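Colleague: I'm new to reading folds, and I'd love a close look at one part of this model. Please take a sheet and whatever packs against it, and walk me through them slowly.

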Amino acid sequence: MARTARAMKLQQLATVLDAKLHGDADVEVSSLASIEHAGASDLAFVVSTRYSTQLRASQAGAVIVPESLLSAVPGNALVSSDPYASYARASWLLKPPVRYVPGIDPSAKVHPTAFIHASAHVGPGVIIGADTQVLDQAVVLAHCVLGRNVCIGPHSHLFPRVSLYDNVQMGSNCRVQSGAVVGSEGFGYAWTDNGWSQIQQTGGVRLGDRVHIGANTTIDCGAIDPTVIADGAILDNQVQIAHNVQIGAHTAIAGCVGI
């Protein structure tokens with residue numbers, strides 16, 4: 001496991017971000033900072049005239065701004081048509097993600113019928129059930145539990161202590177934060193003469209590509225058909241998704257929402 005900070009010259013950043021450089025092409029930035037606290041080696045961004053005063057006083061090595069704020073930048077500027085999106089991309093360039101060594105930790109318990117791609121990383125204490133697949137370059141960190149017939153798609157990342165019940169199918173480039181539970185039994189009961197009788201929940205969960213799930217969020221499995229979270233959806237911390245809910249592509253759900 002390794003994380004390496006990366007310094008980049010402004011000309012290189014401008015090219016990658018498709019931004020227009022105003023200033024010294026050879027200046028290097030290596031970290032991110034707010035406009036108030038940025039120093040000579042930092043990259044900051046401003047999108048609103050609300051921060052014009054702070055922008056004019058900034059000591060940042062460079063600032064990503066829209067064209068309308070260029071005149072207020074005292075130093076180097078990267079002019080972008082979408083500064084926030086450019087900043088998001090730059091954040092991954094200057095602080096690359098941790099690289100995990102492929103392999104299975106000796107303390108992990110993997111069912112003989114499970115498939116773990118040679119490029120995947122499975123951390124300590126992980127439990128992986130029968131007929132489950134962890135595909136290429138996926139990361140499953142410490143003490144995650146994957147049930148039977150689960151699929152973790154390529155480049156997806158499970159942080160420590162994620163629980164995936166049986167029949168959870170996850171696409172590529174997903175991120176699931178610690179404590180999340182996916183595929184738990186839906187709240188399905190029938191009233192009988194003897195009180196509540198639980199209905200077996202067999203539908204599973206289908207997550208599309210690039211789905212992000214926050215810490216301690218819960219997604220119940222479907223009663224018959226699966227619960228579906230479509231491509232690009234983002235769920236904040238402590239969200240509850242009930243059985244058979246369908247969340248459309250690129251939906252954003254803030255923390256503590258229940259559906």
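Modeller: Happy to! Let's begin in this predicted model with two strands, β5 (residues 42-45) and β6 (residues 62-65), which pair in the parallel sense over 3 bridges. Strands are DSSP E runs of at least two residues, helices H or I runs of at least four, both numbered from the N terminus; two strands pair if DSSP finds at least two bridges between them. To see this pairing on screen, find Phe 45, which stands opposite Ile 64 in β6. Residues count from 1 along each chain as its sequence is written, and side-chain values use heavy atoms, without hydrogens or water. Local features need pLDDT of at least 70 and side-chain atom pairs 80 or more, while totals for chains, interfaces and linings use all residues.

Now step back to the whole sheet. β5 and β6 belong to an open sheet of 5 strands, and reading across it you meet β2, β7, β6, β5 and β4 in that order. The pairing in this sheet is mixed. At its edges stand β2 (20-22) and β4 (31-32). Each of these two has a single partner strand, so one side of each is left without a neighbour in the sheet.

Next come the helices. Helix α1 (residues 10-17) packs on the sheet, where it touches β2, β5, β6 and β7 (77-79). Touching is contact, meaning heavy atoms within 4.5 Å. The direction of α1 makes about 15° with that of β7. Helix α3 (residues 83-94) lies across β4, β5 and β6, and runs at about 155° to β5. Such angles, from 0 to 180 degrees, compare N-to-C directions of lines fitted to C-alpha atoms, for helices over the stretch in contact.

Which residues of α1 are buried? They are Leu 10, Leu 13, Ala 14 and Leu 17. (Buried is under 20% relative accessible area, exposed over 50%, partly exposed in between, with a 1.4 Å probe and protein chains only.) Looking down the axis of α1, you find its buried residues within an arc of 100°, so they line one face of the helix. That arc is taken from the directions from the helix axis to the C-beta atoms. An α-helix has 3.6 residues a turn, so residues three or four places apart point the same way. Just after α1 comes Asp 18, and its phi is positive, near 55°.
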